[in-house]
Amino acid sequence: MKDKIFNVLQRVGRSFMLPIAILPVAGLLLGLGASFTNETTIATYHLESVLGHGTILNILLTVMNAVANVIFANLHIMFAVGVAIGMAKKEKAVAALAAMISFFVMNSAIGAMIEITNYEARALSGTITQACGITTLQMGVFGGIIVGLGVAALHNKFYNIELPSAISFFAGTRFVPIISTVVYLFVGILLFYVWPVVQNGIYALGDLVTGSGYVGTLIFGLIKRALIPFGLHHVFYMPFWQTAVGGTAEVAGQMVEGGQNIFFAQLANSGEIAHFSADATRYFSGEFIFMIFGLPGAALAMYRTARPEKKKQVGGLLLSAALASMFTGITEPIEFSFLFVAPILFGVQVLLAGSAYMIAHMLNIAVGLTFSGGLIDFFLFGILQGNEKTSWLRVIPVGIIYFFLYYFIFTFLIKKLDLKTPGREDDDEETKLYTKADYKAKQAGASDKDAVSAQIANGLGGKKNISDVDCCATRLRVTVHDGNLVNKAMLQGTGASGVVLRGNSVQVIYGPNVTVVKAHLEDYLETAPNELYTADAADATPAAEVEKPVEATPKKLVKTVTIYSPADGKADDLSTTPDEAFASGMMGSGAVVTPESDTIYAPFDGTIGFIFDTKHAIGFMGDEGLNLLVHVGIDTVKLGGQGFEVLVSAGQKVKKGDPLLKLDLDYLKANAPSIATPVLCTDVDEDKIDVRLVKAGEIKAGEPLFEVDFFE
């Protein structure tokens with residue numbers, strides 16, 4: 001159990017690498033932009049001519065600041081998508097889409113609850129925010145992590161789910177966004193009641209700080225750093241920076257509230273101040289110690305303890321993260337690199353960083369900041385102000401001590417506990433060459449789904465012969481290197497109703513559940529041996545035994561269902577369709593209509609079962625118990641939805657003659673091989689159903705096209 005939890009934490013940590021990779025660059029942009037567009041800084045150093053409003057540098061720095069702020073303001077959704085991608089086992093693009101949808105759903109549910117209950121009127125200041133334009137609770141990146149982990153779990157469980165044939169279009173990867181939406185609607189409602197308790201606890205802890213001297217400063221530092229993963233640190237520290245919670249002081253005859261406000265008021269009147277107030281700056285002066293010195297020591301420890309073959313790979317990441325911490329005070333890149341894979345190191349970081357606040361207070365260090373404790377602010381508000389006013393020189397020896405404390409403590413714990421910090425991860429799989437014995441052994445222990453996928457792969461000539469795998473509404477579409485290795489009999493033995501081979505392109509007809517077949521095949525191919533497959537005598541599919549003729553028994557007609565033309569145009573027998581799979585009846589029985597008008601209508605009364613995402617095919621569940629497919633054009637899946645306008649939605653009840661699709665006939669004729677539109681019964685049982693063409697030639701929408709006789 002312990003190893004399983006540890007492995008999960010490692011995967012979580014690795015999933016953070018994608019969103020974290022952008023933070024160092026964003027931190028540099030934000031640090032430079034925030035520091036050099038600060039009006040107080042510009043006025044203090046009389047830099048209006050260089051950095052003042054309207055100057056070229058000011059415009060550039062303002063743009064940099066805005067760009068970086070967009071990244072930091074949307075870390076929550078970046079973590080939602082990034083964690084989902086990192087934790088998803090397969091079909092990662094689907095997990096990313098589901099995570100983004102779930103993030104919006106969860107926050108919209110919270111926003112709706114806020115409005116319904118009028119919570120904003122009684123909420124504590126700073127506990128309600130905007131997330132991508134949605135009013136919601138302030139959860140920071142923790143909200144994104146909740147989404148990413150939950151969606152990944154749902155995705156890994158359901159991405160290859162099989163559903164009943166009537167709703168099989170929604171099986172596999174298409175089911176993931178659906179179930180995620182439903183789940184996160186209720187997660188949002190639940191968080192509306194749970195999260196305020198967390199927020200209220202933060203404010204209650206803040207009362208311990210202000211009246212407790214150096215111990216209070218230590219408590220403040222410990223709490224602030226511990227809240228970093230939750231994105232709630234600013235909810236905690238802003239009252240100390242900007243309100244009377246952080247103290248009051250009279251400066252130049254004016255009463256000023258908040259530690260940061262007091263510092264800048266004293267800076268503006270520095271000629272009258274002998275030494276800036278360390279009581280005011282105790283909420284941030286200690287940051288220079290661990291941001292400029294301490295955390296770079298931790299980064300060096302992680303680099304030195306990385307596996308030799310991964311040092312080059314991890315070195316760039318840790319160096320950029322260390323530079324971001326040193327220059328701008330952005331610590332998330334370093335902290336998140338070990339937060340989840342080695343929580344004990346984050347505990348050490350909280351203790352050391354918290355103590356740095358207290359030590360800076362005890363040493364009367366009074367260096368202010370605008371954004372965070374990096375070298376830029378240290379230079380502007382420490383060095384340039386003089387040691388007499390800020391005691392900035394004391395930061396250096398203390399910082400050096402902290403550098404070695406971080407380095408040696410991190411090095412000891414990483415080695416002693418074999419912590420999987422960046423560069424020390426175990427390989428997900430052993431790298432080796434597979435032998436035929438490995439392959440046979442895998443086949444022997446494979447599941448039924450793996451066995452079917454293995455037969456599909458073999459029928460396609462083996463993994464090495466497969467170039468690309470895709471699917472449309474009903475067909476598995478595969479590109480192979482050598483079409484001569486494709487074994488149609490073997491593929492039909494996997495449950496396919498037909499196989500179409502054109503050169504190196506193979507279409508295997510499975511029906512609406514093809515997405516599930518595709519998902520299982522892709523799973524199998526990831527671990528299958530990369531070799532060609534050629535059927536030998538032992539593996540060849542035996543010829544079908546000659547069945548003894550059975551005397552036909554008379555069939556009793558139960559009912560007849562009429563299917564009507566979905567468009568004005570020309571009707572003909574299905575065998576005339578310019579596509580082998582349709583013409584041969586592999587995908588079902590019916591007829592074909594070549595539209596001459598721009599509207600497709602419902603061919604009978606029923607329910608819309610599915611609308612393919614490229615809009616070219618619609619499936620129906622008829623009120624008479626018959627499933628129908630209208631497939632507009634040949635190979636129109638490749639158009640990506642261009643030329644089609646859908647007028648209905650899945651699950652909608654329709655009557656014969658209701659408009660379903662609008663067509664751009666000129667575009668379709670110019671870009672598709674044919675606009676011939678098969679109308680198919682997809683659940684044909686030849687023993688119980690007989691399909692008869694009623695009319696051929698010119699036909700109007702709503703006229704009888706073919707009839708389906710049902711027999712006992």
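The dialogue below reads salt bridges, nonpolar cores, a surface patch and two threonines in a predicted model.

Q: How many salt bridges does a search of the whole structure find?

A: Side chains of opposite charge can pair when their charged atoms come close. In this predicted model, a search of the whole structure finds 13 salt bridges.

Q: Which residue forms a salt bridge with Asp 709, and which strands hold the two partners?

A: Asp 709 pairs with Arg 692, and the closest N and O atoms of the two are 2.7 Å apart. Asp 709 belongs to strand S22 (residues 704-711) and Arg 692 to strand S20 (residues 689-693), so the salt bridge ties together parts that are 17 residues apart in sequence. As for their surroundings, Asp 709 counts as buried at 7% relative accessibility, whereas Arg 692, at 32%, counts as partly exposed.

Q: Is Arg 424 buried or exposed, and which side chain does Arg 424 meet in a salt bridge?

A: Arg 424 has 14% relative accessibility and counts as buried, because the cut-off for that word is under 20% relative accessible area. The side chain of Arg 424 meets that of Asp 418 in a salt bridge, with 2.8 Å from N to O, and Asp 418 counts as partly exposed at 38% relative accessibility.

Q: What does the salt bridge of Glu 703 look like, and which residues are joined into one network by salt bridges that share partners?

A: The side chain of Glu 703 meets that of Lys 695 at 2.7 Å, N to O; Glu 703 is partly exposed at 25% relative accessibility, and Lys 695 is partly exposed with a relative accessible area of 31%. Shared partners, in turn, join Glu 91, Lys 518 and Glu 522 into one network of salt bridges.

Q: Which residues touch the most other members of the largest nonpolar core, and which helix gives the most to this core?

A: In soluble globular proteins, nonpolar side chains tend to be buried together. Here the largest nonpolar core has 70 residues, of which Phe 290, Ile 334, Leu 345, Tyr 406 and Phe 410 touch the most other members. Helix H15 (residues 287-304) gives the most to this core, with 11 residues. If neighbours within four places in sequence are left aside, Phe 410 is in contact with Ala 298, Ala 301, Phe 338, Leu 345 and Val 348. Another core, of 36 residues, lies apart from the one just described, and its members include Ala 571, Val 593, Ile 600 and Leu 665.

Q: Which residues make the nonpolar surface patch?

A: Leu 393, Ile 396, Ile 400, Phe 404 and Phe 408 make a patch of about 450 Å². Among them, Phe 404 is found in helix H21 (residues 395-416) and counts as partly exposed at 43% relative accessibility.

Q: Where is Thr 607 found, and with which side chain does the side chain of Thr 607 make a polar contact?

A: Thr 607 is part of strand S13 (residues 606-611) and counts as buried at 12% relative accessibility. The side chain of Thr 607 makes a polar contact of 3.4 Å with the side chain of Lys 653. Not counting residues up to four places away in sequence, Thr 607 touches Gly 619, Phe 620, Met 621, Gly 651, Gln 652 and Lys 653.

Q: Where does Thr 305 lie, and which residues does Thr 305 touch?

A: Thr 305 lies in the loop between H15 and helix H16 (311-328), and is buried, with a relative accessible area of 5%. With residues up to four places away in sequence not counted, Thr 305 touches Thr 411, Ile 414, Lys 415, Thr 421 and Arg 424.

Notes
Residues are numbered from 1 along each chain as its sequence is written. This is a predicted model: local features need pLDDT of at least 70, side-chain atom pairs count only at pLDDT 80 or more; totals for chains, interfaces and linings use all residues. Side-chain values use heavy atoms; hydrogens and water are left out. A salt bridge is a side-chain nitrogen of Lys or Arg within 4 Å of a carboxyl oxygen of Asp or Glu. Buried means under 20% relative accessible area, exposed over 50%, partly exposed in between (1.4 Å probe, protein chains only). Helices (H or I, at least four residues) and strands (E, at least two) are DSSP runs, numbered from the N terminus. Patches are made of residues with over 30% relative accessible area and no salt bridge: like charges are joined within 9 Å, nonpolar side chains (Val, Leu, Ile, Met, Phe, Trp, Tyr) within 5 Å. Accessible areas come from the Shrake-Rupley method with a 1.4 Å probe; for residues, only the protein chains shown count as cover. A nonpolar core is a set of buried Ala, Val, Leu, Ile, Met, Phe, Trp, Tyr and Cys residues joined through side-chain atoms within 4.5 Å. Contact means heavy atoms within 4.5 Å. A polar contact is a pair of N or O atoms within 3.5 Å; within protein, one must be able to donate a hydrogen and the other to accept it, and residues adjacent in sequence count only if both atoms are side-chain atoms.
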